[in-house]
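I opened a fresh page for this one and wanted to get my bearings before going back to the bench. Here is what I looked up, in order.

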Amino acid sequence: MTDATTMRDLINSGADEDAAIGAPGRTPLTYGGLKNLNADVTERLNNLGIGRGDRVANVQPNGPEMASAFVTVASAATPAPL
């Protein structure tokens, strides 16, 4: 169990080489990859003027890509999966 209090804390709590998000038959996204993706998503959203309290819609089928999008957007804004 972790003492993470935010989505960013949770993402940063894993060892870079450990699997963070995966699906059967797919190569898992590691915490290191998730940390890099999180930094990129946060920067891109912030560059568009999107930040805490702003909602970001996400339309994807359920799966690891949707999960990755949800947790990375959640660390920068409010995800709104549709």
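Surface first. I found that the protein exposes about 5300 Å², and carbon and sulfur atoms supply 53% of that area. I kept in mind that this is a predicted model.

Next, burial. Of the 82 residues in the protein, buried ones make up 30%.

Then I looked at the charges. I noted 6 positive and 9 negative side chains. The centres of the two sets lie 7 Å apart.

On to the fold. I listed 3 helices and 4 strands. Reading along the sequence, I wrote down the pattern α-β-β-α-β-α-β.

Overall dimensions came after that. The C-alpha trace spans about 35 × 30 × 20 Å along its principal axes. I also checked the radius of gyration: the protein has 13 Å, which agrees with the value near 12 Å for a compact globule with 82 residues.

I was curious about contacts across the sequence. Among contacts with a separation of 6 or more, 44% are between residues 24 or more positions apart.

Which residues make up the largest nonpolar core? I found 6 residues there: Val 41, Leu 45, Val 56, Val 73, Ala 76 and Ala 77. A reminder to myself: nonpolar side chains tend to be buried together in soluble globular proteins.

Last, I picked one core member, Ala 76, and looked up its partners. Leaving aside neighbours within four places in sequence, Ala 76 is in contact with Thr 42, Leu 45, Gly 51 and Arg 52. One of these partners, Leu 45, is also listed in the largest nonpolar core.

Note on methods:
Residues numbered from 1 in each chain as written. Predicted model: local features only at pLDDT ≥ 70, side-chain atom pairs only at ≥ 80, totals over all residues. Heavy atoms only, no water. Helix = DSSP H or I, 4+ residues; strand = E, 2+ residues; numbered from the N terminus. Rg over C-alpha atoms; globule rule 2.2 N^0.38 Å. Buried < 20%, exposed > 50% of the residue type's maximum accessible area, 1.4 Å probe, protein only. Contact = heavy atoms within 4.5 Å. Areas by Shrake-Rupley, 256 points an atom, 1.4 Å probe, with all protein chains shown as cover. Lys, Arg positive; Asp, Glu negative; His and termini not counted. Charge placed at Lys NZ, Arg CZ, Asp CG, Glu CD. Core = buried A, V, L, I, M, F, W, Y, C linked by side-chain atoms within 4.5 Å.
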